[in-house]
Amino acid sequence: MEYTKEAGEKSTVKLTIRFTEEEWQEAIMAAYKKVRGKYTVPGFRKGKAPKPVLENYYGKGVFFEDAIDILYSEHYYDILEAERDNFLAIDDPQLSLGDMKEGEGIELIATVPVRPEIDMDAYTGLSIRKYDYKVTDADIAGSIAKALSSRAGKAEVTDRPAKYDDTVNIDFKGFVGLYQFPGGSAEGYDLVLGSGSFIPGFEDQVVGMSIGETKDVLVKFPDDYQGGEDLAGKDARFEVKVNSITEKVLPDLTDDFVKANLGCDTVEEYKIQLRTRLEKQAEEQSKNDTENSVVDELVKHVQGDIPDVMVEREMDSAMQRYDQQLQMYQGFSLDDYLKYMKQDKAQFRENFRTNALNQVKASLAIQYIIKKEDIKATDEDLEAEIAKRAAEVDKKPEDMSYTDKQKDDIRDGIVIDKFLQFMMDNNDLYTLDDSAPAAAPAAEPPAEE
């Protein structure tokens with residue numbers, strides 16, 4: 001087998017793979033042995049007819065397609081491995097036959113979509129935002145308040161109207177005009193005021209109601225409401241009765257409380273540990289957001305055509321990740337979500353296109369700079385990283401066991417770290433006054449384009 005390569009159009013490489021007559025005949029024989037059981041010939045048991053008999057009965061080319069598949073599978077991926085420093089295939093090739101003359105072997109042509117060769121108008125001297133989140137006393141107080149609230153008790157309220165953060169037990173019936181719509185009524189429903197559980201305006205009007213009071217709550221369904229019954233944008237009236245009111249009773253922050261609930265012996269020790277934890281989180285978030293800022297800036301400077309197949313594959317991956325997040329955090333699948341929201345899957349998928357394109361550009365930009373600047377992970381770098389990981393688990397480096405694949409992954413991580421350090425050292429970083437960020441929600445749909 002011999003092959004030649006040449007650049008094709010639109011980020012493709014044309015491989016012309018030539019097989020000798022001997023290799024071609026061996027492949028035909030292998031195909032005969034593999035698939036002969038599918039064919040029957042009068043006078044022979046199924047799968048027992050000799051190769052010449054089958055070729056005479058079904059035609060000389062009966063095994064050609066299977067023979068080509070055998071040659072392709074045996075040699076194509078070896079060629080990709082041999083050419084990995086020259087190009088990277090990003091999708092299956094388009095196959096066609098070249099010269100095919102009796103007694104002279106066969107020529108197979110593979111048009112391979114490859115990672116494009118991009119250019120960048122700049123990647124140094126850029127102005128890039130650096131994040132530096134600070135933990136304030138207000139952040140500490142807020143975390144303490146959440147810890148106390150999560151362990152709060154409840155007490156019945158009888159001497160005042162309902163206020164925000166109370167839990168009210170209510171009966172309600174919903175009407176559009178004189179029509180009482182399905183799903184808009186309940187008895188004995190517990191609602192936390194201010195939680196945003198009901199449509200806008202509902203909870204605000206329940207605030208101030210007293211036990212036993214009945215009131216008409218007037219609201220308007222949002223224009224994008226997806227709850228069924230064609231209620232979007234319509235005015236509605238809810239007859240609401242308050243049955244009971246309960247309020248949170250926060251525990252006192254004492255040494256006994258933190259010892260029993262928060263794993264510390266004293267309040268002061270808890271505050272110190274809390275600050276340390278929040279500062280570590282803020283430092284990690286600062287690092288992540290700065291790295292994202294670097295990548296976001298690089299995307300703006302990528303020049304060159306991006307193959308559609310790369311974007312489509314990234315969109316598929318984004319859809320898969322979103323489905324996994326929904327199942328993990330919400331307990332239902334993407335298909336169930338789309339059915340409930342009455343959205344078309346293909347249209348929903350389009351929401352990921354812009355982000356997918358930017359992700360592909362970012363990956364290409366990073367690889368471009370790594371290659372251009374000859375950023376590598378040395379054996380010494382690998383040893384240092386393994387020693388670091390060993391120290392973190394109180395082991396000796398020689399006691400750490402990694403497969404070759406795992407070591408390659410470690411090297412890749414080292415290269416990315418070096419790339420990011422290169423970007424920090426060779427660009428203009430600026431900071432703004434950043435407070436510690438709030439935790440992000442587990443899964444949200446992408447913004448509509």
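Helices here are DSSP runs of H or I with at least four residues, numbered from the N terminus.

**View 1. The largest pocket of the predicted model.** Residues are numbered from 1 along each chain as its sequence is written. This is a predicted model in which local features need pLDDT of at least 70 and side-chain atom pairs count only at pLDDT 80 or more, whereas totals for chains, interfaces and linings use all residues. The largest pocket (on a 1 Å grid over the protein atoms alone, an open set of points where a 1.4 Å probe fits, with protein on both sides within 12 Å along at least five of seven lines) has a volume, taken as the space filled by probe spheres set on the points, of about 1000 Å³. Of its 26 lining residues, which have an atom within 4 Å of a point, Arg84, Asp85, Arg115, Gln367 and Lys371 are the closest to the centre.

**View 2. Helices around the largest pocket.** Helix 3 (64–82), helix 11 (353–372) and helix 13 (404–425) each supply at least two lining residues, and helix 11 gives the most, with 6 residues. The lining comprises 12 nonpolar, 2 polar and 12 charged residues, where Asp, Glu, Lys and Arg count as charged.

**View 3. Helix 12 against helix 13.** The axes of helix 12 (residues 379–392) and helix 13, lines fitted to C-alpha atoms over the stretch in contact, come within 10 Å and cross at roughly 100°, so the two helices are roughly perpendicular, a term covering 65 to 115 degrees.

Key
Side-chain values use heavy atoms; hydrogens and water are left out. Axes are lines fitted to C-alpha atoms, for helices over the stretch in contact, and angles run from 0 to 180 degrees between N-to-C directions. Angles under 35 degrees count as roughly parallel, over 145 as roughly antiparallel, 65 to 115 as roughly perpendicular and the rest as oblique.
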